[in-house]
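Me: Got a minute to walk through a structure with me? I'll fire off short questions as we go.

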Amino acid sequence: MCEICESKRATGAEPSFPIRLSFKGNTISIDITHITTVLEIRRHVQDQFNLAPDAAIKMIYKGKVLGGGNNNNNNNNNDDAYTVPAFPVSVPKNAKVVVMATSGTQVKELNAGRSDPTIRGFEDDAMSHTQKQRALGKNAFQYWGPDVGQNKEYKFCRFEACTWQSFGHRPGSQTPHEFQAMQLLEQLATDPGIVAVLVERELVVGTLGEMDPIDDRLMKKKQQQGACLLGYNTNGGARIDLKLRTDDFKGFLPYSQIAATLLHELSHNWVGDHNAIFWANYGQMRVEYLHRHAVLAASGYVAHGKTSAQLAGVAVDCRNGMTSIHAAVLAELQKEMAQHGVPLAMVAPAITARCEEMALDGTALEVQGRTSGSSSSGDDGSSISSSLSARDLALAAAERRAREQQENKKENDES
């Protein structure tokens with residue numbers, strides 16, 4: 001018989017009822033009344049389970065702590081939370097109360113211990129997606145130099161590496177970690193040639209992501225058709241995903257190949273099919289990309305001891321200025337277009353015209369490149385951006401399209 005109720009049972013003032021106390025697999029039954037306090041039950045728990053006087057004890061019934069707080073030690077004997085009745089109303093027969101207890105020594109050791117720096121804390125988990133993106137932008141890997149970044153208006157808004165495959169997490173894994181994939185996406189977004197193309201066409205891409213090299217649905221469909229998918233564009237630039245890793249997952253694809261794939265996907269913002277219009281637009285973007293790196297190399301701009309063309313893996317294509325750029329782009333297009341049955345002659349005039357335009361603008365671009373080489377940054381934190389306003393760019397683009405339409409019309413009339 002429980003001592004708690006003996007005196008009260010003798011008086012007959014309150015009827016008693018049983019409850020069960022469970023602690024580490026041991027269960028005992030005691031009789032209490034509706035006026036039995038939390039403190040009285042706690043003392044009984046301490047005696048029956050041989051708990052230390054300084055033990056921190058919690059008694060939980062249906063997910064709630066009896067007394068509404070922690071029973072840390074006997075110093076809480078006068079606390080109002082523990083002098084109130086534990087069960088002032090009726091409870092089911094043999095109601096179960098779970099007891100949790102920690103010794104005072106263990107509590108002191110835990111409080112005195114240092115947190116593991118490799119484990120992410122609750123504060124970091126609570127950061128919003130926007131805060132994480134801002135932190136990522138401020139601490140971005142500056143591959144192209146300390147003052148090089150995205151344009152303030154025309155840019156990639158978010159980055160997403162393939163985290164769900166746990167690349168680089170498993171013991172003995174040789175594949176690059178997801179952190180390295182994120183750095184590569186940042187490198188692409190801040191590539192001076194990519195920035196120049198985005199600004200020229202006033203493009204904003206929602207998300208630049210890593211394509212899942214294992215479970216991607218579109219990639220598997222292409223493989224069944226005997227092709228290889230290197231990237232895809234969703235909803236006209238709302239999201240662009242790129243294949244970053246080699247087939248054996250031991251490294252990344254060559255940077256120049258990934259950058260060319262990104263330009264390819266950007267060209268799909270306007271044209272979905274791989275027709276002559278698509279390849280003409282893509283070829284012009286390649287000209288602009290290589291021209292930007294050629295101008296920076298000629299201006300003397302270097303980062304980490306190399307020119308941007310060397311860092312981008314296109315130094316050979318830029319070595320003789322516009323002459324080598326024109327030849328490199330035509331050679332690339334001839335190889336790519338042959339797979340889609342489009343003759344190079346259909347787009348070669350547009351590529352040549354764009355090269356001539358870039359050559360005429362070379363003086364202004366060289367001045368801009370020298371300014372970039374002197375590490376002069378603008379309000380957006382990027383020292384390499386277009387020297388023309390959005391209005392000037394729009395006018396230039398409109399004039400260029402008008403000339404292309406006239407040339408196409410002339411060719412159609414001659415044919």
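Reply: Sure. One salt bridge to begin with: the side chains of Glu 160 and Arg 239 meet at 3.1 Å, N to O. The model is predicted.

Me: Which strands do Glu 160 and Arg 239 sit in?
Reply: Glu 160 is in strand β6, residues 156-160. Arg 239 is in strand β9, residues 239-242. The two are 79 residues apart, so this pair links distant parts of the chain.

Me: Is Glu 160 buried, exposed or partly exposed? And Arg 239?
Reply: Glu 160 is partly exposed, at 30% relative accessibility. Arg 239 is partly exposed too, at 23%. The cut-off for buried is under 20%.

Me: What does Asp 241 form with Arg 239?
Reply: A salt bridge, with the closest N and O atoms 2.8 Å apart. Asp 241 counts as buried, at 3% relative accessibility.

Me: How many salt bridges does the structure hold?
Reply: Nine.

Me: Give me one between helices.
Reply: Arg 354 and Glu 288 form one, and their closest N and O atoms are 3.0 Å apart. Arg 354 lies in helix α15 (residues 348-360) and Glu 288 in helix α11 (residues 276-299), so the pair ties together parts that are 66 residues apart in sequence.

Me: Are Arg 354 and Glu 288 buried or exposed?
Reply: Arg 354 is buried, with a relative accessible area of 4%. Glu 288 is buried, with 4% as well.

Me: Which residues are in one network with them?
Reply: Glu 200, Arg 201 and Glu 357 join Glu 288 and Arg 354. Salt bridges with shared partners make that one network.

Me: Back to β9. Which strands pair with it?
Reply: Strand β7 (residues 205-210) runs parallel to β9, joined by four bridges. Strand β8 (residues 231-234) pairs with β9 in the antiparallel sense, over four bridges.

Me: Which residues are the bridge partners there?
Reply: Glu 210 has Leu 242 in β9 as its bridge partner. For Thr 234, the partner in β9 is Arg 239. Arg 239 also has the salt bridges to Glu 160 and Asp 241.

Me: What about the hairpin of β8 and β9? How many residues are between the strands?
Reply: Four. Asn 235 takes a positive phi there, near 55°.

Me: Switching to the other sheet. What is the strand order?
Reply: It is an open sheet of five strands, ordered β2-β1-β5-β3-β4. The pairing is mixed. The edge strands are β2 (26-32) and β4, and each pairs on one side only.

Me: Which helix packs on that sheet?
Reply: Helix α2, residues 38-48. Helix α2 touches β1 (17-23), β2, β3 and β5. The direction of α2 makes about 115° with that of β3.

Me: How do β3 and β5 pair, parallel or antiparallel?
Reply: Antiparallel, over five bridges. Strand β3 covers residues 56-61, and β5 covers residues 95-102. Lys 58 has Met 100 in β5 as its bridge partner. For Met 59, the partner in β5 is Val 99.

Me: Remind me, how do side chains alternate in a regular strand?
Reply: They alternate between the two faces of the sheet.

Me: And how many bridges join β3 to β4?
Reply: Two, and these strands run antiparallel. Strand β4 is residues 64-65. Tyr 61 stands opposite Lys 64 in β4. The hairpin of β3 and β4 has two residues between the strands, and Lys 62 takes a positive phi near 55°.

Me: New topic, α7. What should it span?
Reply: Helix α7 is residues 178-189, twelve residues, so at 1.5 Å a residue it should span 16 Å. The end C-alpha atoms of α7 are 17 Å apart, which agrees.

Me: How many of its residues are buried?
Reply: Nine of the twelve, so α7 is largely enclosed by the rest of the structure. Among them are Glu 178, Met 182, Leu 185, Glu 186 and Ala 189.

Me: Last one. How many disulfides does a search of the whole structure find?
Reply: Zero.

Me: Are Cys 162 and Cys 318 buried or exposed?
Reply: Cys 162 is buried, with a relative accessible area of 0%. Cys 318 is buried, with 9%.

How values were computed. Residues numbered from 1 in each chain as written. Predicted model: local features only at pLDDT ≥ 70, side-chain atom pairs only at ≥ 80, totals over all residues. Heavy atoms only, no water. Pairing = 2+ DSSP bridges. Disulfide = S-S within 2.5 Å. Buried < 20%, exposed > 50% of the residue type's maximum accessible area, 1.4 Å probe, protein only. Salt bridge = Lys/Arg side-chain N within 4 Å of Asp/Glu carboxyl O. Expected span 1.5 Å × (residues − 1). Contact = heavy atoms within 4.5 Å. Axes fitted to C-alpha atoms, helices over the stretch in contact; angles between N-to-C directions.
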